[in-house]
Amino acid sequence: GRERMIEKKREQGNKIHGAARDRENEAVGAELDDKAIYGGEGGGDVSYEAALAREKKYRERKEAAKHERTSELLKKEEDKQKAMLEMLGFSGLKPGEKIKIAPRQP
């Protein structure tokens, strides 16, 4: 009884894991060297330096795009604020200046 149950579980496990193992072995295919995977001449420091330069250039481009987008959004917000102040009749208002409301006429 118990021995047979254990044997059946082992057979089932081998069937499941064995199929995966076979697929894994078939998928290995051709071995690739580092040059094929990483590209370049495999010169060590030279390709590392080139990779650092590419990374720096990429970061600078991203930073410039981010800065451009930020300044664009700030300009848009400033225009919205000016339009709101004009709509309210405070178009000559300077930054930090208090709004003066005329007293009511009885």
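**Three helices, starting from Leu93**

I will start at Leu93, which sits in the segment after α3. Helices here are DSSP runs of H or I with at least four residues, strands are runs of E with at least two, and both are numbered from the N terminus.

Before going on, a word on what we are looking at. This is a predicted model, in which local features need pLDDT of at least 70 and side-chain atom pairs count only at pLDDT 80 or more, while totals for chains, interfaces and linings use all residues. Residues are numbered from 1 along each chain as its sequence is written, and side-chain values use heavy atoms, with hydrogens and water left out.

Back to Leu93. What does Leu93 touch, leaving aside its neighbours within four places in sequence? Its contacts are Leu85, Lys98 and Ile99, where contact means heavy atoms within 4.5 Å. Leu93 is partly exposed, at 24% relative accessible area. On that scale, buried means under 20% relative accessible area, exposed means over 50%, and partly exposed lies in between, with a 1.4 Å probe and protein chains only.

Leu93 can also be placed against Lys82, a residue of helix α3. Leu93 and Lys82 are 11 residues apart in sequence, and their C-alpha atoms are 9.3 Å apart in space. For Gly92 and Lys82, the separation is 10 residues in sequence and 9.7 Å from C-alpha to C-alpha.

Now the chain as a whole. It has 3 helices and 0 strands, and along the sequence the pattern reads α-α-α. Of its 106 residues, 2% count as buried. The accessible surface comes to about 10,800 Å², and carbon and sulfur atoms hold 54% of that. These areas come from the Shrake-Rupley method with a 1.4 Å probe, and for residues only the protein chains shown count as cover.

On confidence, pLDDT is the predictor's own figure for each residue, from 0 to 100. The mean for the chain is 82, and 88% of the residues reach 70 or more. Which elements have the lowest and the highest mean pLDDT? The lowest is α2, at 72, and the highest is α3, at 90.

Next, the charged side chains. A salt bridge is a side-chain nitrogen of Lys or Arg within 4 Å of a carboxyl oxygen of Asp or Glu. The whole structure has 6 of them. I will go through some pairs in helix α3.

One pair is Arg59 and Glu55, whose side chains meet in a salt bridge at 3.0 Å, N to O. The two are 4 residues apart in helix α3, which covers residues 45-88, so about one helical turn separates them. Arg59 is exposed, with a relative accessible area of 55%, whereas Glu55 is partly exposed at 35%.

Another salt bridge joins the side chains of Arg69 and Glu72, at 3.1 Å from N to O. Both residues lie in helix α3, 3 residues apart, about one turn of the helix. Arg69 is partly exposed at 45% relative accessibility, and Glu72 is partly exposed at 45%.

Then there is Glu78 with Lys82, the residue I used as a reference for Leu93. The side chains of Glu78 and Lys82 form a salt bridge at 4.0 Å, N to O. They are 4 residues apart in helix α3, so they too are separated by about one helical turn. Glu78 is partly exposed, with 41% relative accessibility, and Lys82 is partly exposed, with 48%.

Elsewhere, Arg4, Glu7 and Glu11 are linked in a network of salt bridges.

Last, a nonpolar feature. Which residues form a nonpolar patch on the surface? They are Leu32, Ile37 and Tyr38, with about 390 Å² of accessible area together. Patches are made of residues with over 30% relative accessible area and no salt bridge; like charges are joined within 9 Å, and nonpolar side chains (Val, Leu, Ile, Met, Phe, Trp, Tyr) within 5 Å. Ile37 belongs to helix α2, residues 34-38. Helix α2 is the element with the lowest mean pLDDT, as mentioned.
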